[in-house]
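Biologist: I am new to this structure and would love a close look at a single part of it, the sheet. Could you walk me through how the sheet is put together and what lies around it?

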Amino acid sequence: MTLNNTCEPILKGQRALVTGASSGIGSAIAKALAMAGAKVVINYAGGADRAQAVVEAIQAGGGEAMAIRADVSREDEVEAMFAQTIATWGSIDILINNAGLQKDAPLVEMSLAEWQKVLDINLTGQFLCSRAAAREFLQRGVVPELSNVAGKIICISSVHDIIPWAGHVNYATSKGGVSMMMKTMAQELAPRRIRVNAISPGAIKTPINTAAWMTPEAEAELLKLIPARRVGEPDDIARATVWLASDDSDYVTGVTLYVDGGMTLYPGFDQGG
Ligand code: BGC
């Protein structure tokens, strides 16, 4: 295969679904995929108006998008969302498992409900969506005009799939699970021409972690953990996602791409040790 050296948008004609796309990293990914030529489903669980605003932003740029509400942890809702996508656009080529949340508490104070909710959305949600996407990829097969493979799955994980995180045992555990789920799916699906990869963002300016960068004092503390000395932007993740969704990364499967300004480089060891 050759690199895409035409002037065509790199994802032209492909159909993508981004979970949790009404804000933060998800909305940036959705817009970037649309700019790269994909039609995009903006999945959301609450806040229909914000999802609609993302749809309208994409349409204003000449792209195609639709919003679909579904709680990714509910099997029936996930199945209905994929059925609607396939009924409307014929099939699906790219799944971005992005929906995620935090419910922070010290271990000894964490309720079972807080543990379960985070596992349900962050891990089970990625399983349910991946399974639905893979079923469609497999029954449809490769469409050479669109892509070298039958489909691409990208799991948005976190640096906390490898960095333990006190006070966030539910979240870190869910992301550790995403890492192994992604690799296992990649191994299982590679012979059937489906690529599965993960992106692990570091600290990115989004609503999930406002407290960590909102004040100059908080940001200064956070920057001590980031060798690149800047907090990331959602577009940092969106650009990496477009590459992993395109045939330019055709020989890449089962990897986690850390997009974190070096947060996983043990910054505490930049002196001494
Ligand atoms: C979390 C953020 C945190 C970042 C770096 C992310 O996965 O959602 O709250 O700022 O990791 O610690």
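Modeller: Happy to! Let's start with one pair of residues: Leu-17 has Val-41 in E2 as its bridge partner. Please keep in mind that this is a predicted model. That pair belongs to a longer run of pairing, for strand E1 (residues 15–18) and strand E2 (residues 39–44) are joined by 4 bridges and run parallel. In general, the strands of a sheet pair through backbone hydrogen bonds, and they can do so in a parallel or an antiparallel way.

Now step back to the whole sheet. It is open and made of 7 strands, and if you follow it across you meet E3-E2-E1-E4-E5-E6-E7, with parallel pairing. At the edges stand strand E3 (65–69) and strand E7 (256–259); each has a single partner strand, so one side of each has no neighbour in the sheet. On average, neighbouring strands here are turned by 20° against each other, direction ignored.

Helices pack on this sheet too. Helix H1 (residues 24–35) touches E1, E2, strand E4 (94–97), strand E5 (151–156) and strand E6 (194–201). The direction of H1 makes about 170° with that of E1. Helix H2 (residues 48–60) also packs on the sheet, where it touches E2 and E3, and its direction makes about 165° with that of E3.

While you have the model open, look at another pair of helices. The axes of helix H3 (residues 75–89) and helix H4 (residues 112–140) come within 10 Å and cross at roughly 35°, and the crossing is right-handed. From H3, the residues that meet H4 include Val-78, Met-81, Phe-82 and Ile-86; on the H4 side, Leu-128, Cys-129 and Arg-131 are among them. Sorted by class, this contact holds 8 nonpolar and 5 charged residues, with no polar ones.

Finally, find the ligand. The residues around the ligand include Ser-158, Trp-165, Gly-202 and Met-263. Polar side-chain atoms also lie by its oxygen atoms: one of Gln-102 at 2.6 Å, one of His-160 at 2.7 Å, and an N or O atom of Tyr-171 at 2.6 Å.

Conventions. Residues numbered from 1 in each chain as written. Predicted model: local features only at pLDDT ≥ 70, side-chain atom pairs only at ≥ 80, totals over all residues. Heavy atoms only, no water. Axes fitted to C-alpha atoms, helices over the stretch in contact; angles between N-to-C directions. Helix = DSSP H or I, 4+ residues; strand = E, 2+ residues; numbered from the N terminus. Left-handed = near helix turned anticlockwise from the far one by under 90°. Contact = heavy atoms within 4.5 Å. Nonpolar A, V, L, I, M, F, W, Y, C, P; charged D, E, K, R; others polar. Pairing = 2+ DSSP bridges. Near = heavy atom within 4 Å. Polar contact = N/O pair within 3.5 Å; in protein donor to acceptor, adjacent residues only side chain to side chain.
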